[in-house]
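Reader: I should like to learn how to read the features of a structural model in an orderly way. Where might we begin?

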Amino acid sequence: ADEINTTGTEVESDASTHLLAALILLLKRGLETRKLHPLTERILAFLKRHMGERITLADIGTLTYFSPVYCDTVFKKDTGRSIVDYLLEMRVTEAKSLLLEGELTLKEIAERIGFGDSNYFSRIFKKRTGYTPLQYRKHTLR
């Protein structure tokens with residue numbers, strides 16, 4: 001009789017675990033499909049198109065006809081990050097791809113992704129990844 005009770009409890013526990021996992025998945029999908037504010041969508045499109053250029057919050061304000069502070073507030077509410085932080089992350093992600101291709105120098109990569117100064121690029125890259133760009137290239141290509 002004890003074995004039946006234990007087995008029943010385990011089955012109920014497994015069912016509860018699966019149900020909880022299904023609910024979490026539904027919640028995640030709901031968050032992922034949540035519509036972004038049109039302002040955030042416009043800013044994201046601008047960042048993707050102009051990632052390799054010098055971009056300031058004033059540029060975003062001019063593009064959207066809203067104050068840069070308001071743009072940053074709406075953007076952060078939608079994405080959980082400031083515009084500058086999001087842009088830096090985009091640039092570092094692109095730099096990782098370019099580093100793995102191995103064809104460009106650090107200076108060329110820095111210029112391509114919008115950093116005028118390769119030393120500044122290296123500092124930002126290390127701060128965000130824990131590796132210098134060259135360490136990342138060597139470590140990842142092994």
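Author: Let us begin with surface. Accessible areas come from the Shrake-Rupley method with a 1.4 Å probe. In this predicted model, the protein exposes about 9,900 Å², and carbon and sulfur atoms supply 56% of that area.

Reader: What percentage of the 142 residues count as buried?

Author: A residue is called buried when its relative accessible area is under 20%. By that criterion, 27% of the 142 residues of the protein are buried.

Reader: How many helices and strands does the protein have?

Author: There are eight helices and zero strands, so that the order from the N terminus reads α-α-α-α-α-α-α-α. As to contacts with a separation of 6 or more, 55% join residues 24 or more positions apart.

Reader: How should one read a single helix, and what span should helix H5 have?

Author: One compares the expected rise with the distance between the ends. Helix H5 covers residues 83–101, and at 1.5 Å a residue its 19 residues should span 27 Å. Its end C-alpha atoms are 27 Å apart, in agreement with that expectation. After H5 comes Gly102, with a positive phi near 75°.

Reader: Which residues of H5 are buried, and what covers them?

Author: The buried residues are Ile83, Leu87, Leu88, Met90, Arg91, Val92, Ala95, Leu98 and Leu99. Their cover includes helices H2, H3, H4, H6, H7 and H8. As for H2, Lys48 lies in that helix and counts as exposed at 57% relative accessibility. Lys48 and Met90 are 42 residues apart in sequence, with their C-alpha atoms 8.3 Å apart in space.

Reader: How does one read salt bridges, and how many does the structure hold?

Author: Side chains of opposite charge can pair when their charged atoms come close. The structure holds five salt bridges. In one of them, the side chains of Asp85 and Arg128 meet at 2.4 Å, N to O. Asp85 belongs to helix H5 and Arg128 to helix H7, so this pair ties together parts 43 residues apart in sequence. Arg128 also meets Glu89 in a salt bridge, at 2.8 Å, N to O. Since Glu89 lies in H5, this second pair links parts 39 residues apart in sequence. A network of salt bridges links Arg81, Asp85, Glu89 and Arg128.

Reader: Which salt bridge involves Lys107, and where do its partners lie?

Author: Lys107 and Glu111 meet at 2.9 Å, N to O. Both lie in helix H6, four residues apart, about one turn of the helix. Lys107 is exposed, at 52% relative accessible area, whereas Glu111 is partly exposed, at 42%.

Reader: What, by contrast, is the situation of Arg137?

Author: Arg137, in helix H8, is buried yet has no salt bridge. The nearest side chain of opposite charge, Glu108, is 7.7 Å away, and a salt bridge requires a nitrogen-to-oxygen distance within 4 Å. A polar atom of the Arg137 side chain does lie 3.0 Å from the backbone oxygen of Leu104. Beyond its neighbours within four places in sequence, Arg137 is in contact with Leu98, Leu99, Gly102, Leu104 and Ile109.

Reader: Finally, how does one read backbone angles, and what is the phi of Tyr65?

Author: Most residues other than glycine have a negative phi. Tyr65 has a positive phi of about 65° although it is not a glycine. Tyr65 sits in the loop between H3 and H4 and is exposed, with a relative accessible area of 73%.

Methods: Residues numbered from 1 in each chain as written. Predicted model: local features only at pLDDT ≥ 70, side-chain atom pairs only at ≥ 80, totals over all residues. Heavy atoms only, no water. Helix = DSSP H or I, 4+ residues; strand = E, 2+ residues; numbered from the N terminus. Buried < 20%, exposed > 50% of the residue type's maximum accessible area, 1.4 Å probe, protein only. Lys, Arg positive; Asp, Glu negative; His and termini not counted. Polar contact = N/O pair within 3.5 Å; in protein donor to acceptor, adjacent residues only side chain to side chain. Contact = heavy atoms within 4.5 Å. Expected span 1.5 Å × (residues − 1).
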